[in-house]
Amino acid sequence: MKLKTIILSSIIICFSCKTDKKQPIENTEEVNKDETIEIITNAMEFITQDTIPSGWQTFRYINNSPEAHFILFDKYPEGKTIADTRKDIFPPFDKGMELIIEGKMEEAMNAFGELPEWFSEIVFTGGSGLISPNQLNTFTLKLDPGLYILECYVKMANGQFHSSMGMVKEIHVTEESSDHQPPEAMMNVAISSVNGIVINDTIRKGEQTFKVLYEDQIVHENFVGHDLNLARLEDDADLNALEAWMNWANPTGLRTPAPAGVTFLGGTNDAPAGSVQYFTANLTPGNYVLISEVPDPSKKGMLKRFRITEK
Ligand SMILES: [Cu+2]
C-alpha cells in the first residue's frame, strides 16, 4: 500500500517529465550569487537560470500569465536525471494514465506498480504557493546541492496539467553555497497534520514576511503533502468553492478558472517535516485566508481566515 501511495504521489513528477525535451544540464552558466533569483511565467513556462548556488535562496516569482500557478521544487536522487525519467518512468506512467482516464483505477495502480524504486526517493522541497495572474511571490527556501525539477500541476480549462504543457524546469544546485541568511520574519506560522495551520502572531497591514514551519508532513488523500497558500477574499468569495478547488483529484479542482473573488498571493509549497520556508506578501486592509492544497482543508484545521484592518 505504501509503495502505491508513494507512486501515486509522484504522478505529478511524471507529468513534469512528459514534455521536457531538455538534455541533462551542462554547467557552463556562470553561477549567480545575487540576493534574489527571478522566476517568470509569461504563458506556460518557468523562465529562470539553469544553475544556482546551494544554501538559502530567495526567489521572486512573477506571474504575467492569465492563469494561477505555483512552483514545487522536486529534488532528484543522486545520479538521476530527466533522461532516467524518460527511460524508467514514462512507459508505466503513460500506461497508468490511460487506464485512469478509462476509469480503470485498479489496473492503473498495477501499472504504476511497475515504476522503479528510485522514484520514491524524489523529495518535495518546497517552493511558491499559488499566485494569481499579475501577482508576484517572494519566497525563500534552503536547497541542498543536486538536480531539481520545478513544476506546476495546476490544470488548464480543458483539464490538462500545466506541467504537461511546459511548466517544468530543471535547475542544478551547486556544491558552492550562497552564504545567504534566511530573512527576518515577524509572522510565525506552523503547519502540521495534527494541529493544522497555527498562526502564532497577529498579522498586520503592510509588507510582511512569514516564517512557515512544517512541523510534520504526510501524504493526504490527494497523494500530496500539505502546503500553505495565502489568498485575499472579496465579498463574493465562496469558501466552499475554494475548498473544493484545492483538491486536484476533483475533476474541477486546481483547474482554471480559479474560484471567483479569490486572489492568490503566494505562500510556500510542500516541504519535508522539520523544514522552514519564508514568503513575503503585501497586505492591504481586507479579508484573507491561509489554506492548504489538500482535500477538506477546514476539517484538518488547514483553512484559517484573518482580517487586516486600517490600523
Ligand atoms: Cu501553472
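## Exposure and the model as a whole

A residue is called exposed if 12 or fewer other C-beta atoms lie within 10 Å of its own, buried if 20 or more do, and partly exposed in between. Asp 179 has 9 other C-beta atoms within 10 Å and is therefore exposed. This residue sits in the loop between β7 and β8, and its phi is near 60°, a positive value in a residue other than glycine.

The structure described here is a predicted model. The chain holds five helices and 15 strands, and buried residues make up 41% of its 311 residues. Among the contacts with a separation of 6 or more, 73% are between residues 24 or more positions apart.

## Confidence

The mean pLDDT of the chain is 86, and 85% of the residues reach 70 or more. Over residues 1-32, however, pLDDT stays under 50, although the model has 65 contacts beyond four places in sequence for this stretch. Where pLDDT is low, the predicted coordinates should not be read in detail.

## Strand pairing

Strand β6 takes part in two of the pairings described here, one with β3 and one with β7. Strand β3, which covers residues 69-75, pairs with β6 in the antiparallel sense over four bridges, and within this pairing Leu 72 has Glu 151 of β6 as its bridge partner. Six bridges join β6 to β7, again with the strands running antiparallel, and here Leu 147 is matched with His 172 of β7.

Further along the chain, strand β8 (residues 187-192) and strand β9 (residues 196-199) run antiparallel and are joined by four bridges. These two strands form a hairpin with three residues between them, and one of the bridges links Ala 190 to its partner Val 198 in β9.

## The nonpolar core and helix α4

The largest nonpolar core has 64 residues, and those with the most contacts inside it are Ile 71, Leu 150, Val 189, Ala 231 and Ile 291. At least three residues of this core come from each of two domains, domain 1 (2-177) and domain 2 (187-308). In soluble globular proteins, nonpolar side chains tend to be buried together. Leaving aside neighbours within four places in sequence, Ile 291 is in contact with Asn 229, Ala 231, Leu 242, Met 246, Pro 297, Met 302 and Leu 303.

Helix α4, which spans residues 105-112, has Ala 108, Ala 111 and Phe 112 as its buried residues. Because these residues cover an arc of only 95° around the axis, they lie on the same side of α4.

## Two loops that meet in space

Met 156 is found in the loop between β6 (146-151) and β7 (168-177), where it counts as partly exposed because it has 14 C-beta neighbours inside 10 Å. When residues up to four places away in sequence are not counted, Met 156 touches His 162, Met 165 and Thr 256. Met 156 and Thr 256 are 100 residues apart along the chain, yet their C-alpha atoms are separated by 5.2 Å.

The peptide bond from Thr 256 to Pro 257 is cis, with omega near 5°, and Pro 257 lies in the loop between α5 and β12. Pro 251 is placed in the loop between α5 (239-245) and β12 (262-268) as well. With 8 other C-beta atoms within 10 Å, Pro 251 falls within the limit of 12 or fewer and so is exposed. Pro 251 and Lys 155 are 96 residues apart in sequence, while their C-alpha atoms are 9.8 Å apart in space.

## A second aspartate with positive phi

Asp 296 is located in the loop between β14 (286-291) and β15 (303-308). Its phi is near 50°, a positive value in a residue other than glycine, as is the phi of Asp 179, near 60°. Asp 296 has 14 other C-beta atoms within 10 Å, which means that this residue is partly exposed, whereas Asp 179, with 9, is exposed.

Notes. Residues are numbered from 1 along each chain as its sequence is written. This is a predicted model: local features need pLDDT of at least 70, side-chain atom pairs count only at pLDDT 80 or more; totals for chains, interfaces and linings use all residues. Two strands pair if DSSP finds at least two bridges between them. Two residues are in contact if their C-beta atoms, placed from the backbone, lie within 7 Å. A nonpolar core is a set of buried Ala, Val, Leu, Ile, Met, Phe, Trp, Tyr and Cys residues joined through C-beta atoms within 7 Å. Domain bounds come from an automatic or database domain assignment. pLDDT is the predictor's confidence in each residue, from 0 to 100. The arc is that of the directions from the helix axis to the C-beta atoms.
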